[in-house]
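Student: Please put the model on screen. I would like to go through it by question and answer.

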Amino acid sequence: MSSSKAKPKKPRKSQARLGPRPLGEDVLREGGRVEVRFPSTFRDRLTEELARPAPPGAERVVFALAGNFLTQSGPVVTVSDLLEVPEADYRLTGEGTAWSSGMTARVASEAIQKALGILLIHSHGWSNQPALSHTDEAGARVLLPRFRSLVPFRPHGSLVIGRENSIGGVVSYPTPGGGFEIKRVERARWTESPLKLTPDRAGPDIEREEVYDRQELLIGRAGQRILAASKVAVVGLGGGGSHVVQQLAHIGVGTIVLVDDDSVEASNLSRLVGAGPADLNRPKTAVMKQLVQGVNPDVRVEAFGERFPSTNGIRALRDSDVIVSCVDTLASRVELQKVSWRYVVPLIDIGMGTRISDGEGPHRATAVAGHIHRYLPGGHCMWCSGMLSPEKLAIESAGRGPEYVKGAVNPAQVVSFNGALASFAVVELMQLLTGFMARSTSRPLLSIDFLESRLYSVQPRSDRRCPHDSGELARGDPVGFAASATLVTGM
Ligand SMILES: [Zn+2]
């Protein structure tokens, strides 16, 4: 694609015929809704750029690159990158906003290279119910077929951002047969803490409301309804995971996703909450499901007794509002980090490490520590935080175990330490979902030194994009090279 071929974007009826299928009024009304997910770090960039005064006669716009995937509740469009339009690239036409052929070429080239869709985002003075104007719709009729011809297998759209996280617009969403469907943009998910969903999640009516009387004094009726409408995935059902699952059942999370392929062994019984001798050799997912149903029959459970990352496991995770990682290897954390970033789902990770001196007797433990980390896609990641590093992975793959505390190669676990870490994780999760704490701790990287009874917190920089993201962020489902080979250029 050469920039000389590119033309300024402007609604012109004659060009509508260039696309594979004109986008008429009837098509704009086609059924279906789509959710748009924004990584945490794009909020400020997008808001600031759209709030800047536009050149006279134009509306300020931002291009975005987009991935996509399907969930049980419908299609999702993930915002993978933003491309601001430099001042000098706006063109005045008297018929709405247009931009230079150079800008068009840049957007097209990035979309093709990264195999992502193109979104055109603007705002209408931050209204409460943002919607495309007639001019916007006319523009979309011309633009969307062109975007589709560049990258046919990804979503393309025209979005309007409004006040209070509201959103409107249309998306041309790819269908399996190589076609597309036009869908209204109805929901936005801003992956911050607390999570912001538009429209607000009212949640289902809560059964046995009196159960949550005391809890609601803290998180409010609204917070309780959010919990009841939420789906939380727990990966790894050991000492930490079982505590997390039990607490999620108590606080009334609507759906709990369980992922673990292990069965209960005798050595688990000292710390696997909800398990007893009768559970030996039973799948941990079955034992945890029973635990949940015993505590709170209103909670739905989806169990995946598969080794993570399995296809079903990944599908369940990307459908969740939050993933809680209670795995015991760094290799599993590498995969969870990818899923969190790719599908824009926040991740809370807990782990414990110990060091013991040689010999028997008291005073054996020279280090007992743990961590509770919260990761929001687009912000600091497990690599930024030092949780993952090539050196640590090499040590683990050489069979020397996760080196959590320096020098440690010790799988020691005790239910009380697991429980402390799990409890902190559930507090973080409640804050992430409901925002019930007025002054959020905002200490996403927390460590506990049990020997010294001390908490440590690190405040990572969250105002910049993670330098470790290798194009994984918000890609959604990967697309094969075969699909990109069918690209038709000529935007
Ligand atoms: Zn990072």
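**Helix H6 and its surroundings**

Student: Which residue follows H6, and near what value is its phi?

Tutor: This is a predicted model, so the angle is a computed one. H6 is followed by Gly-252. The phi of Gly-252 is positive, near 85°.

Student: How far apart are the end C-alpha atoms of helix H6, and what should the helix span?

Tutor: Helix H6 covers residues 239-251, which is 13 residues. The expected span takes 1.5 Å times one less than the number of residues. That rule gives 18 Å for H6, and this agrees with the end C-alpha atoms, which are 19 Å apart.

Student: Is H6 mostly covered or uncovered, and how many of its residues are buried?

Tutor: A residue is buried if 20 or more other C-beta atoms lie within 10 Å of its own. Residues of H6 that meet this include Gly-239, His-243, Val-245, Leu-248 and Ile-251. H6 is mostly covered, and the buried count is twelve of its 13 residues.

Student: Which residues does Ile-256 touch?

Tutor: Residues up to four places away in sequence are not counted. Val-245, Leu-248 and Ala-249, which are among the buried residues of H6, are touched by Ile-256. The full set for Ile-256 is Val-232, Val-234, Val-245, Leu-248, Ala-249, Val-292, Val-299 and Val-301.

Student: How many residues has the largest nonpolar core, and which helix gives the largest share?

Tutor: The largest nonpolar core has 123 residues. Ala-233, Val-234, Val-245, Ile-256, Val-324, Ala-425 and Leu-429 have the most contacts inside this core. The largest share, nine residues, comes from helix H11 (residues 415-434).

Student: Why does this core lie between two domains, and which are they?

Tutor: Both domains give residues to the core, so the core lies between them. They are domain 1 (3-190) and domain 2 (205-458).

Student: Which are the edge strands of the open sheet of eight strands?

Tutor: The order of this sheet is S13-S12-S11-S14-S15-S16-S17-S18, with mixed pairing. Each edge strand pairs on one side only. The edge strands are S13 (300-304) and S18 (454-458).

Student: How many bridges join strand S16 to strand S17, and which residue in S17 stands opposite Ala-369?

Tutor: Strand S16 (residues 365-375) and strand S17 (residues 445-449) run antiparallel. Five bridges join S16 to S17. The residue opposite Ala-369 is Asp-449.

Key: Residues numbered from 1 in each chain as written. Predicted model: local features only at pLDDT ≥ 70, side-chain atom pairs only at ≥ 80, totals over all residues. Core = buried A, V, L, I, M, F, W, Y, C linked by C-beta atoms within 7 Å. Helix = DSSP H or I, 4+ residues; strand = E, 2+ residues; numbered from the N terminus. Domains from an automatic or database assignment. Contact = placed C-beta atoms within 7 Å. Pairing = 2+ DSSP bridges.
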